[in-house]
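Good morning. I have one structure to show, and I will talk about how its parts meet.

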Amino acid sequence: MELGLIGLGKMGGNMRTRIRQAGHTVIGYDRNPDLADVHSLQELVDKLAAPRVVWVMVPAGAATQSVVDELGGLLEPGDIVVDGGNSRWTDDEKHAGELAAKGIGFVDCGVSGGVWGLENGYALMYGGEAEHVEKVQPVFNALKPVGNFGSVHAGKVGAGHFAKMVHNGIEYAMMQAYAEGWELLEKVHSVTDVREVFRSWQEGTVIRSWLLDLAVNAL
């Protein structure tokens with residue numbers, strides 16, 4: 001399928017590459033002309049055959065609102081906008097309503113994977129009407145990790161970003177727990193190699209995780 005992708009930073013640029021590797025056509029736009037395939041949203045929309053799917057990968061808040069507003073004036077009934085940034089779920093409901101009034105579908109998608117997503121795939125949590133999700137599904141399939149897990153249609157519009165918010169809360173709590181554990185080990189005089197204690201937890205323990213692996217590598 002064809003996809004328009006707006007925002008080609010560290011995440012968006014790697015996502016463009018992974019989607020292309022799966023055999024799909026991606027037309028990317030970024031304010032940095034060195035990264036972009038086209039030089040305006042109008043040109044991006046013109047190059048896509050209807051019905052279009054345009055994925056927005058820009059910072060949450062005013063930047064996303066601005067792009068959604070502009071797309072609302074450029075796209076046609078039957079087209080779909082996907083917000084893959086970290087927008088607040090209530091903003092998703094607002095954007096969906098604004099676009100629905102023009103006959104344009106909306107899907108929100110929480111994306112997790114960071115700079116490793118290109119190689120490992122991205123965990124995806126998306127919300128929206130089933131008919132809209134179905135049109136974007138080939139892209140979801142291209143982005144997700146290999147195997148049976150890593151993506152979910154979490155529910156109605158807003159469900160994807162709500163799920164990603166909860167995911168982030170769990171992530172930060174885990175990082176905080178590792179940090180406090182490191183501090184406790186460092187404070188006691190009997191423990192002489194905190195890093196190796198952390199390394200010993202990477203296999204066979206209930207607290208092993210990718211976050212732990214990253215912490216050991218970093219430390």
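First, a term: a polar contact is a pair of N or O atoms within 3.5 Å; within protein, one must be able to donate a hydrogen and the other to accept it, and residues adjacent in sequence count only if both atoms are side-chain atoms. What you see is a predicted model, where local features need pLDDT of at least 70, side-chain atom pairs count only at pLDDT 80 or more, and totals for chains, interfaces and linings use all residues. Residues are numbered from 1 along each chain as its sequence is written, and side-chain values use heavy atoms, leaving out hydrogens and water.

The protein divides into domain 1, residues 2–156, and domain 2, residues 166–218, with bounds from an automatic or database domain assignment. Their C-alpha centres are 34 Å apart.

How many residues of each domain are in contact? There are 5 in domain 1 and 4 in domain 2, where contact means heavy atoms within 4.5 Å.

The two domains bury about 320 Å² between them, 73% of it on carbon and sulfur atoms. On the domain 1 side, S112, W116 and M125 lose the most area to domain 2, together 74% of what that side buries. Buried area here is the accessible area (1.4 Å probe) that two parts lose on being put together, summed over both.

Now back to the polar contacts. Across this interface the rule finds 1 residue pair in polar contact, both at pLDDT 80 or more. Salt bridges between the domains number 0, counting a side-chain nitrogen of Lys or Arg within 4 Å of a carboxyl oxygen of Asp or Glu.
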